[in-house]
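Hi,

Here is the two-chain model I promised to pass on. Have a look at it first, and then read my notes below.

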Amino acid sequence: MKSLLATLALTTALTLPGLAMARPVTLTTTLNDYGGDGAYLVLYVTDASGAYVGSLWMAGGKSKYYEHLSDWYAATGGDPAQINGITGASVGAGRKLEITLDLADALFDAGYTLHIDAAVEDMRDSPNEIAVPLTTAGAGTPVPGRRYIASFTYQ
Amino acid sequence: MKKLFPILALAAALPAGAALADDDDCRVPAENWQPREAVMQMATTQGWTVSDLEVDDGCYEIEGRDKDGRRFEAKLDPATLAIVEMERGDDDDNGRAADPAPAGTVAPPPNGLFGSDAPPVVVTK
């Protein structure tokens, strides 16, 4: 019985900090009416030194187009393991993409930056269209894009 | 005016890869397209088992298995039904990586960004 209690105490102690180390975050990307096919978008994170850390979402399922998301592709070589389980459909012009996920707390106020590369068939590539520092204070503040993205917000 | 010419020359020299376009697109007028039934008949002749037939990049695109049971994806010219591109198994013939696993089929990658194995919830409006 004692060992059971000890096990319970240990597993509880290990579990609770884990629960406290992530927060649900909604990433909202609104596209312009750019008058083209659906946009491929990739959302990814770099650390304070600018090094690629990992990807959060890939909108667009065909790997042959990923080279057009050129900053992301340069960092990953287009490795599908980076985006397995976090890939969905491309996003149409004028549409809004809302992604809700559990994001690690450690990413906030620690020099991490969220980037979005964008590309549209037969139109100009737009790497690093969004680059926004992940800060608690910046949550909820829309950031304008340059070419295909009207605005991006995380909160 | 002198500056305009170098700028124009530079713009003309930009590689086609600057835009998202593929060299395996088909550009066939609608009136020249063969019907889907003709595609299925051609597939049967080849010994293919077709699991999906759709239009992509202006071409017919077939997913299925060949007569030896190997998975493949083929693009066909919609007028001649000639094979424009053939990808087999996990890698295509240009050595490109496989398409990633869609959300919900496997857990997100263990990159330290996600607080759980739950896939992101995604809504497009």
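Two strands count as paired here if DSSP finds at least two bridges between them. Keep in mind that this is a predicted model. With that rule in hand, start at β2 of chain B (residues 59-65), which is joined to β3 of chain B (residues 71-76) by six bridges, the two running antiparallel. In this pair B:Tyr60 sits opposite B:Leu76. The two strands make a hairpin with five residues between them, and B:Gly69 in the turn has a positive phi of about 85 degrees.

The next step along chain B is another hairpin. β3(B) pairs with β4(B) (residues 83-88), again antiparallel, over five bridges. Here B:Phe72 has B:Arg88 as its bridge partner. Six residues lie between these strands, and in the turn B:Leu81 has a positive phi of about 60 degrees.

As for chain B overall, there are two helices and six strands, and the order along the sequence is α-α-β-β-β-β-β-β. Of its 125 residues, 17% are buried. Among chain B contacts with a separation of 6 or more, 31% are between residues 24 or more positions apart.

Now for chain A. You'll find two helices and nine strands, running α-β-β-β-α-β-β-β-β-β-β from the N terminus. Buried residues come to 35% of the 155 in this chain. For contacts with a separation of 6 or more, the share from residues 24 or more positions apart is 64%.

Chain A also has an open sheet of five strands, in the order β4-β3-β2-β6-β7, with mixed pairing. Its edges are β4 (87-88) and β7 (126-133), each of which pairs on one side only. At the β4 edge, β3(A) and β4(A) pair in the parallel sense over two bridges, and A:Ala59 has A:Gly88 as its bridge partner there.

What about the nonpolar cores? The largest has 40 residues, and the members that touch the most others are A:Ala39, A:Leu41, A:Val42, A:Leu43, A:Leu56, A:Ile116 and A:Ala118. Several elements of chain A supply at least two residues each, including β1 (22-31), β3 (52-59), α2 (70-76) and β9 (149-154). β2(A) gives the most, with seven residues. Apart from this core lies another, of eight residues, which includes B:Cys26, B:Ala43, B:Cys59 and B:Ala74.

A:Ala39 is a good residue to click on. Leaving out residues up to four places away in sequence, A:Ala39 touches A:Leu31, A:Ser90, A:Val91, A:Ala118, A:Ala119, A:Val120 and A:Tyr148.

Last, the place where the chains meet. How many residues does each chain bring to the contact? Chain A puts in 44 residues and chain B 32. On the chain B side, these divide into 22 nonpolar, six polar and four charged. Strand pairing crosses between the chains as well: β5 of chain A (residues 96-104) and β6 of chain B (residues 121-124) run antiparallel and are joined by four bridges. If you want one pair to find that spot by, A:Leu97 has B:Thr124 as its bridge partner.

Cheers

Key: Residues are numbered from 1 along each chain as its sequence is written. Chains are lettered from A and ligands numbered from 1 in the order in which they are written. This is a predicted model: local features need pLDDT of at least 70, side-chain atom pairs count only at pLDDT 80 or more; totals for chains, interfaces and linings use all residues. Two residues are in contact if their C-beta atoms, placed from the backbone, lie within 7 Å. Ala, Val, Leu, Ile, Met, Phe, Trp, Tyr, Cys and Pro count as nonpolar, Asp, Glu, Lys and Arg as charged, and the others, Gly among them, as polar. A residue is buried if 20 or more other C-beta atoms lie within 10 Å of its own, exposed if 12 or fewer, and partly exposed in between; C-beta atoms are placed from the backbone. A nonpolar core is a set of buried Ala, Val, Leu, Ile, Met, Phe, Trp, Tyr and Cys residues joined through C-beta atoms within 7 Å.
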